[in-house]
Amino acid sequence: MKNWSSSFSSMAVSKLFLLLFFLSAVLSESKIVAEVKQKQSRDEPFVGVNIGTDVSNLLSPAELVAFLKLQNIGHVRLYDADPDILKALSRTKIRVMVSVPNNQLLAIGSSNSTAATWIGRNVVAYYPETLITEIAVGDEVLTTVPSSAPLLLPAIEGLYSALVAANLHTQIKISTPHAAAIVLDPFPPSQAFFNQTLNPIIVPLLQFLSKTGSPLMMNLYPYYVFMQNKGVVPLDNSLFKPLTPSKEMVDPNTLLHYTSVLDAMIDSVYCSMKNLNITDVVVLVTESGWPSKGDSKEPYATIDNADTYNSNLIKHVLDRSGTPLHPELTSNVYIYELFNEDLRSPPVSEANWGLFHGNSTPVYLLHVSGSGAFLANDTTNQTYCVAMDGVDTRTLQAALDWACGPGRANCSEIQPGEDCYEPNNVKNHASYAFDSYYQKEGRGSGSCDFKGVAMITTTDPSHGSCVFPGSKKISNKTKEASNNTTGSSNDAEKLRLITVGSQIQDCLHIFRAFVVFFIVHYSFLL
């Protein structure tokens with residue numbers, strides 16, 4: 001009897017221990033949920049902006065920071081470590097990438113003490129009040145100033161050692177931005193590789209990035225890929241426009257389909273790293289954008305194309321789209337750039353990459369609805385379909401005839417005496433007919449093509465008493481439909497988060513059931 005009692009007592013103690021374990025699991029519910037939410041928040045990809053300062057009448061640092069807050073811009077890249085701007089960014093939630101200009105590489109790469117001084121003066125002096133998160137050492141050094149290439153890694157390592165000494169090496173990552181030209185044979189991505197003459201520098205650099213958990217910084221411009229490969233790379237691929245399967249680029253080795261040039265460029269970098277046995281370094285796009293104006297040799301540097309590219313780029317990143325090779329990884333991107341740098345030297349496009357003029361007025365209205373208040377200068381989320389410039393009259397007339405005939409567009413307003421008859425020319429009439437068809441088809445993929453003579457614009461083409469079919473002046477329905485679409489995307493993301501939360505809650509409900517069972521059962525036995 002004594003042995004049985006002792007055995008029972010031992011059993012009761014062990015089960016009480018188990019009971020306490022389940023109780024602790026239940027009590028940690030809020031902690032588990034909080035950690036999941038925190039991780040989800042950390043993993044959110046972001047779009048930042050580059051801030052160049054070759055701008056006449058540039059905003060003061062205080063005005064600049066107020067403007068960044070107004071536009072809800074949370075990440076910026078500076079091309080130096082301007083003390084006034086860093087001071088103005090103090091006690092804001094804006095994350096900052098500071099830069100070491102190329103002309104300082106010689107001094108920093110030659111002396112660890114100089115590197116330590118640079119970190120002390122430009123990082124330690126402001127952190128953590130100013131949230132410096134990355135340091136970009138030089139800019140496209142390997143391709144623009146190859147004579148400084150041997151000093152690049154010593155400079156990075158010297159700066160990193162100074163970060164370690166300041167105990168900031170886990171909070172602040174350090175790397176160097178590269179031009180896309182360091183990757184040879186970029187398409188198909190599976191065949192891409194780094195320029196082998198650069199391997200003596202790239203290999204140890206990648207090993208350093210792998211060891212320190214830092215990203216490979218890349219400046220990637222689909223605009224230049226398109227301009228250098230016109231006739232091979234379609235404009236739609238470069239602008240993230242929806243494509244029919246026949247127009248998608250296909251990697252013959254992986255059979256992956258590429259609907260955007262930027263995704264192909266990013267994957268070519270991942271494949272190049274893999275060829276060097278580096279698979280744990282992520283790509284950070286430090287520059288990407290599209291110019292809104294160019295000279296006669298740059299006919300595709302237009303407001304519409306710049307608007308389309310940057311708007312679609314923002315959506316692409318914030319939708320967590322990833323790439324065909326790495327759908328689980330969405331690269332963070334810094335748009336080039338915040339302001340038009342009107343003091344830049346020719347060509348004309350060099351001064352016209354900005355989202356805003358120097359006085360902070362928008363160059364164009366981004367259509368980025370669904371991205372919260374980020375770059376909230378869009379008031380319409382409205383698109384129209386119009387005839388392209390430079391198309392011969394015969395080709396336009398054939399497209400106009402199809403739209404008003406088999407396409408069943410409403411062409412009544414371009415008949416003699418009606419509001420949109422004037423100006424009486426084929427381009428004007430074709431634009432109205434194209435937009436009528438485009439809106440009738442719900443602005444669907446491929447509904448603004450007309451054999452390559454039409455383009456999508458965010459500028460309302462209405463004029464005088466002529467109101468185009470998609471204009472806000474006559475209807476808000478298109479806008480509402482568009483908002484519903486972006487709402488669905490947001491709902492999908494919410495659903496994903498809810499699903500994760502529900503799974504946690506289900507587990508915790510099971511824990512609670514165990515707790516109730518043990519309390520009732522073992523209180524009886526004891």
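**Close-up 1. Strands β2 and β3 sit side by side in this predicted model.** The two run parallel, joined by three bridges. One residue pair to look for is Arg-77 and its bridge partner in β3, Met-97. Between these strands comes helix α4 (residues 83–88), and together β2, α4 and β3 form a right-handed β-α-β unit.

**Close-up 2. Strand β3 (residues 95–100) also pairs with β4.** Of the six residues in β3, five are buried, leaving the strand mostly covered. Its pairing with β4 (residues 131–137) is parallel and spans six bridges. Here Ser-99 has Ala-136 of β4 as its bridge partner.

**Close-up 3. Strand β1 (residues 47–51) is mostly covered.** Five of its five residues are buried. Which residues point each way from the strand? Val-47, Val-49 and Ile-51 point one way, while Gly-48 and Asn-50 point the other. As a general pattern, side chains in a regular strand alternate between the two faces of the sheet.

**Close-up 4. Strand β1 pairs with β13 and with β2.** With β13 (residues 333–335), the pairing is parallel over three bridges, and Gly-48 has Tyr-334 as its partner there. With β2 (residues 75–78), the pairing is again parallel, over three bridges. In this case, Ile-51 is matched by its bridge partner Leu-78. To get from β1 to β2, follow the chain through helix α3 (residues 61–70): this β-α-β crossover is right-handed.

Methods
Residues are numbered from 1 along each chain as its sequence is written. This is a predicted model: local features need pLDDT of at least 70, side-chain atom pairs count only at pLDDT 80 or more; totals for chains, interfaces and linings use all residues. Side-chain values use heavy atoms; hydrogens and water are left out. Buried means under 20% relative accessible area, exposed over 50%, partly exposed in between (1.4 Å probe, protein chains only). Helices (H or I, at least four residues) and strands (E, at least two) are DSSP runs, numbered from the N terminus. Two strands pair if DSSP finds at least two bridges between them. A crossover is right-handed if, with the strands pointing away from the viewer, the path from the first strand over the helix to the second runs clockwise.
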